[in-house]
Amino acid sequence: MPLNEPIAPARKILPIIYVIDTSGSMAYDRIESVNQAMYQTVDVMKDIAHREPNAEIKIGILTFASGAEWRTKDATGKPSLIYMEDFYWNDLEAGGLTDIGDALNELHDKMSRYSFFSDEVGYKMPVIIFLSDGEPTDDWEGALESIRDNNKWFRYSTKICMAVGEDANEDILARIAGRPDGRPNSEAVIKITDTDTLKKLIRVVSATASKIGSVSRTNNDVQESVLTEVKGKMSDELGVTIADQTSDYTDKPEMAVSATSFSDGSDQGWDDDWDD
Amino acid sequence: MKQFRPGKVIQTVKGTPLTIVKYLTEGGQGYIYDIEHEGKHRILKWYKPEKVNKPDKFYQNLNDNARRGSPSDSFLWPITATERTDGSFGYVMELRQDGYHEFTEFLTDCKRIHFNTFKANVEACIRIVSAFQILHHHGYCYQDMNDGNFFINPSSGDVLICDNDNVAPNNKEAFIIGTPRYMAPELVVPAILGPDEEGNERKTKPSTSTDYWSLSVVLFMILCMGHPLEGERWLVPLLTPQNERYLYGSGATFVYDPSDGSNRPNPKVHANVIAFWKPLPPYMKEAFHRAFSKDAIRNPGKRLREIDWLKVLVRFQAEIRRCHNCGGEVFMINAKDTPCDECGKLQRVERKLRFRDYAVTAFKGVRVYRCMLESCNAENALTRVGTIVANPSRPGLYFLNNTDMTLEGRTAKGTVKQIPPNSVVPIKPGITVSAYSGSFTIE
């Protein structure tokens, strides 16, 4: 038996997509905080990605201002997810409108088996980290209905929204962070008022979501788990508001496993037809 | 919570204070610090309070475990718990020696960290089984076996087991249900066991029999570098918790289930498993077939126990030899002439040791354990009876008595000779060596 150098066992891909508001109101210290935070976050996440046995992390960066634009591209310049180890942060600049609808349309277009999610090995539930500081300036509502009703990848994603400053529209972010059945989820909206806290929050949310999103889960509590852990880590910070998580699930190791949380995993969801 | 600063002193239950040297890393349940304690560098695991279920009982159990002491040197066992302070508590353990790597690294960084030989790979399996046998024999249940719990030396196969804080007396207290992918199917979906006598869904919790499941998963992963339940069915585009409940619970199907081929490894994605499974000896395959059979999935009592694994693993290890031409490893299955996979040179079987149930090729380094000779319980399975050795000044191979008893050797002609401890008998056809209530014959 030749002990050939083994190859790493196949891992599912965990897509982490940042959707970042680069409108005019983000200019100067807010966008600068995002840039600084992302430089540090990338190092932390590379380390996590390197050691994580359950998933390989791929990153997508989508920005929106007057229109939306993918910043992560493949070698041919086409929008793409990038393996964490190959990913580098490029500074963003702010200016323009707040076209949240365009951003949602872009997500809808690329979150597909025929676009970003074409790898045969398959995916963990994507994580979407959505950051905005203002009111939408386009038809965000139609775009949200469209992606929510027609895109399973989006519906099953773990969505964490950051509402930066007093002018951010938390209600809209709560709808974007909505649960798979469409109910708004205000608990998944984190409010931040100062930029130092924003920096730490981006790091903490990114690291926590990478870890929790990677591990294998047999109950449906990814979003709650991430938020509970983020809340714990940010508890000493001022200028951040994270709601208590009032889910049916708790993050504690539970012995009283109820029949509903661990229902008989039927064979639903095994169809290959992921794009409606 | 804020991290402890270097220099902070925390009192331990043992009465000897510890001093924080530096923060090292963060795990799921807590933070890890380099500390100074009793004049030595040691490790402190400090719990995140929100991650400890039933903290009073957990703390009590931690103290009980520390007081009882480690069941064997293979465990990085809690030395002492800290006093409860700063909103939580922790425990002190020894620093692991250099040269050991977390099994997770073997899976994620295998270009750098991999077993140097297959023999070391099998040795690691034997040591893990043996450590759990000792743990179970002491009445404990481990509860949370996963790839982060083992530190393995890739050259020697030696194993250190950490995260012993969830260890608790079997069937008494459970603090954690385990790590997905390693958890027994009934912990993922209790309904697979069917209703209890009164028609209600069973309450399942970690126990020795769920440990047996996790142990089989770990052994498969060490030998085949892939997961036993992750085949075609794992290749769904999006792995949701519902899929995982099916994959690891209600629909759990071994990738090589002989009666159900619906979850075979995919050649493009699961190349490791296909490559490593193929050359395994038939008795190893059969052991995995039994360990992951539909029957063993649904009937925890039918899972393979430590003795079952030890019997096949020591046999497997005895069949791995070095090619005398290129030095590559050759599996001499069933003591048959076998060509080396690497250089093609035929390895001839000159002498065999015939045990009760099978024969192995006699070559330098083969170890004879008690469970090869006779039926014995798991505690005695790894009692070393002897080793095949060579002497540079005399030609040929010899069997060295490793026991502290005088063994009996009988030649083909019926002459009986005593083999005192630490002395040898030549590997010559017809000689039968008796030890305990079994024997083997040289052919």
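Let's start at the far end of chain B, where strand S17 (residues 352–354) and strand S26 run antiparallel and are joined by 2 bridges. This is a predicted model, so read what follows as a description of a prediction. Within that pairing, B:Leu353 has B:Ile442 of S26(B) as its bridge partner. Strand S26 itself covers residues 438–442 of chain B, and its side chains alternate. B:Gly438, B:Phe440 and B:Ile442 point to one face and are buried, while B:Ser439 and B:Thr441 point to the other and are not. That fits the general pattern: in a regular strand, side chains alternate between the two faces of the sheet.

S26(B) also pairs with strand S25 (residues 432–435) of chain B, again in the antiparallel sense, over 4 bridges. Here B:Val433 finds its bridge partner in B:Phe440. The two strands make a hairpin with 2 residues between them, and B:Tyr436 in that hairpin takes a positive phi near 50 degrees.

Now zoom out to the domains of chain B. The assignment gives domain 1 (9–58 + 78–94), domain 2 (101–309) and domain 3 (350–442). The C-alpha centres of domains 1 and 2 of chain B lie 29 Å apart, and 9 residues of domain 1 are in contact with 8 residues of domain 2.

Next, an open sheet in chain B. Its 6 strands come in the order S1-S2-S3-S4-S6-S5, with antiparallel pairing. Strand S1 (9–10) and strand S5 (80–81) are the edges, each pairing on one side only. S1(B) is joined to strand S2 (residues 18–26) by 2 bridges, and the two run antiparallel; B:Val9 stands opposite B:Thr19 in S2(B). Elsewhere in chain B, the charged end of B:Arg84 sits over the ring of B:Tyr59, 5.0 Å from its centre.

On to the helices. Helix H8 (residues 282–291) of chain B has B:Tyr283, B:Met284, B:Lys285, B:Ala287, B:Phe288 and B:Ala291 as its buried residues. Those buried residues pack against four helices of chain B: helix H5 (208–224), helix H7 (271–277), helix H9 (294–298) and helix H10 (306–318). One of them, B:Phe288, also belongs to an aromatic cluster in which ring pairs link B:Trp213, B:Phe220, B:Phe254, B:Tyr256, B:Trp277, B:Phe288, B:Phe292 and B:Trp309.

Aromatic pairs come to 40 over all chains. One of these is B:Phe106 with B:Phe115, a tilted pair at 4.9 Å centre to centre with 40 degrees between the planes. Are these two rings' residues buried or exposed? B:Phe106 is buried, with a relative accessible area of 2%, and B:Phe115 is buried as well, at 7%.

Finally, chain A. Its secondary structure comes to 7 helices and 9 strands, and 55% of its 276 residues count as buried. Among its contacts with a separation of 6 or more, 79% involve residues 24 or more positions apart. The accessible surface is about 11,200 Å², with 45% of that belonging to carbon and sulfur atoms. There is a charge over a ring here too: the charged end of A:Lys159 sits over the ring of A:Phe154, 4.4 Å from its centre. And for a loop residue, take A:Pro180, placed between helix H5 (170–176) and strand S8 (189–192) of chain A. A:Pro180 counts as exposed because its relative accessibility is 52%, and the cut-off for exposed is over 50%. A:Pro180 and A:Asp21 are 159 residues apart in sequence and 24 Å apart in space, C-alpha to C-alpha.

Key: Residues numbered from 1 in each chain as written. Chains lettered and ligands numbered in written order. Predicted model: local features only at pLDDT ≥ 70, side-chain atom pairs only at ≥ 80, totals over all residues. Heavy atoms only, no water. Pairing = 2+ DSSP bridges. Phe/Tyr/Trp six-rings, centres within 6.5 Å; stacked < 30°, edge-to-face > 60°. Buried < 20%, exposed > 50% of the residue type's maximum accessible area, 1.4 Å probe, protein only. Lys NZ or Arg CZ within 6 Å of the ring centre and 35° of its normal. Contact = heavy atoms within 4.5 Å. Areas by Shrake-Rupley, 256 points an atom, 1.4 Å probe, with all protein chains shown as cover. Domains from an automatic or database assignment.
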